[in-house]
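These are my notebook entries on a single structure. I set out to look up its pocket and cavity, its sheet, and one loop.

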Amino acid sequence: MADEALVVIDLQNDFCPGGALAVAGGDEIVPLVNDMIRRAEHVVLTQDWHPAGHSSFASSHPGAQPFTMIDMPYGQQTLWPDHCIQGSLGSDFHSGLAWTKAELVIRKGFRPAIDSYSAFFENDRTTPTGLAGYLRERGIDTLTLVGLATDFCVAFSALDAVSQGFKTTVRLDACRGIDLNGSVETMLHRMRDAGVTLEDHLSD
C-alpha cells in the first residue's frame with residue numbers, strides 16, 4: 001500500500017446540494033469516501049480555489065449564461081456559475097469529510113485567466129500543478145480517484161494521471177457527475193480508452 005494514494009477531488013460545499021454548482025447527490029459519497037480515507041495509507045485532496053471574477057465564471061462575460069461555451073486563448077471553456085471563491089464557505093471541504101488525514105492539498109483554478117479541472121494540469125494542458133512530481137518523489141505510482149465531478153475534474157485528473165505514467169483507478173460509486181449534454185458517458189469512454197480502470201462496487 002505504501003506506493004498507492006487516494007486522491008479525493010473537489011469534495012467542496014459548492015459542488016454539493018445547496019452549493020453554487022451543485023452536483024446531484026454530491027454529498028451522498030461522503031461516508032464512502034471517508035471509509036476509503038481511513039483505509040488509505042496516503043491521501044491527497046484537491047480544492048477548487050478561484051479568485052473572485054475568475055475568467056471561467058459566466059458573470060465575468062457580459063450577457064453570457066452559465067453552462068455555455070466560449071473560446072479562450074487555451075481553447076474551449078465551459079462558463080460556470082461563480083463557485084469555490086477563495087476563502088468562501090462554498091470553497092470549504094464538505095463538513096462531513098474526514099479530510100484531516102490528507103498529506104497534501106492541491107489548490108487549482110487560482111490563476112485568474114485560466115480554469116483548471118485536472119489535479120495535474122491547468123486547462124491549457126501544459127501548466128503543471130506539481131502533483132506528479134510530488135507523487136514520484138514519494139515513490140507513489142498507483143492512484144485511486146474519487147470525488148466531484150465524474151465528467152470534469154475527476155475525469156481530466158484520471159486522464160492526466162495515466163498520461164503521466166500512474167496506474168489509475170476511478171471508483172465510480174464514490175463519484176457523482178454533472179452530465180452536460182451527455183458528458184458523463186463521453187468521459188467514461190475517454191477514460192476507458194486511455195487505460196483508466198473504472199470500478200463500481202455498487203454493481204458488484
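**Entry 1: the largest pocket.** I began with the elements that contribute to the lining of the largest pocket: strand E4 (75-78), H3 and helix H4 (183-194) each supply at least two residues. I note at the outset that the model is a predicted one. The lining comprises 15 residues, and those nearest the pocket centre are Met-69, Thr-78, Tyr-117, Phe-152 and Phe-156. I recorded the volume of this pocket as about 330 Å³. Sorting the lining by class, I obtained seven nonpolar, six polar and two charged residues.

**Entry 2: the cavity.** How many cavities of 30 Å³ or more does the whole structure hold? My search of the whole structure returned one. The largest cavity encloses about 100 Å³ of space. I listed 15 lining residues for the cavity, with Phe-15, Asp-48, His-83, Tyr-117 and Cys-153 nearest its centre. Tyr-117 thus appears among the residues nearest the centre of the cavity and among those nearest the centre of the largest pocket. The cavity lining divides into nine nonpolar, three polar and three charged residues.

**Entry 3: the sheet.** I next traced the strand order. Six strands make up an open sheet, ordered E5-E2-E1-E6-E7-E8, with parallel pairing. At the edges I found strand E5 (104-108) and strand E8 (197-199), each of which pairs on one side only. On average, neighbouring strands of this sheet are turned by 25° against each other, direction ignored.

I then examined one edge of the sheet. Strand E7 (residues 167-176) pairs with E8 in the parallel sense, over three bridges. In this region I located Val-170 opposite Leu-198 of E8.

**Entry 4: helix H3 against the strands.** Which strands does helix H3 lie across? I found that H3 (residues 150-163) lies across strand E1 (4-9), E5, strand E6 (142-148) and E7. The angle between H3 and E6 is about 170°. H3 is also one of the elements that supply at least two residues of the pocket lining recorded in Entry 1.

**Entry 5: the loop after H3.** I followed the chain into the loop between H3 and E7, where Gly-165 lies. Is Gly-165 buried or exposed? I classed Gly-165 as exposed because its relative accessibility is 61%, and the cut-off for exposed is over 50%. Finally, I checked Gly-165 against Asp-141, which is 24 residues apart from it along the chain. Their C-alpha atoms are separated by 7.7 Å.

Conventions
Residues are numbered from 1 along each chain as its sequence is written. This is a predicted model: local features need pLDDT of at least 70, side-chain atom pairs count only at pLDDT 80 or more; totals for chains, interfaces and linings use all residues. Side-chain values use heavy atoms; hydrogens and water are left out. Two strands pair if DSSP finds at least two bridges between them. Helices (H or I, at least four residues) and strands (E, at least two) are DSSP runs, numbered from the N terminus. Axes are lines fitted to C-alpha atoms, for helices over the stretch in contact, and angles run from 0 to 180 degrees between N-to-C directions. Contact means heavy atoms within 4.5 Å. Buried means under 20% relative accessible area, exposed over 50%, partly exposed in between (1.4 Å probe, protein chains only). On a 1 Å grid over the protein atoms alone, a cavity is a set of points where a 1.4 Å probe fits but cannot get out, and a pocket is an open set with protein on both sides within 12 Å along at least five of seven lines; lining residues have an atom within 4 Å of a point. Grid points are joined across faces, edges and corners, and a volume is the space filled by probe spheres set on the points. Ala, Val, Leu, Ile, Met, Phe, Trp, Tyr, Cys and Pro count as nonpolar, Asp, Glu, Lys and Arg as charged, and the others, Gly among them, as polar.
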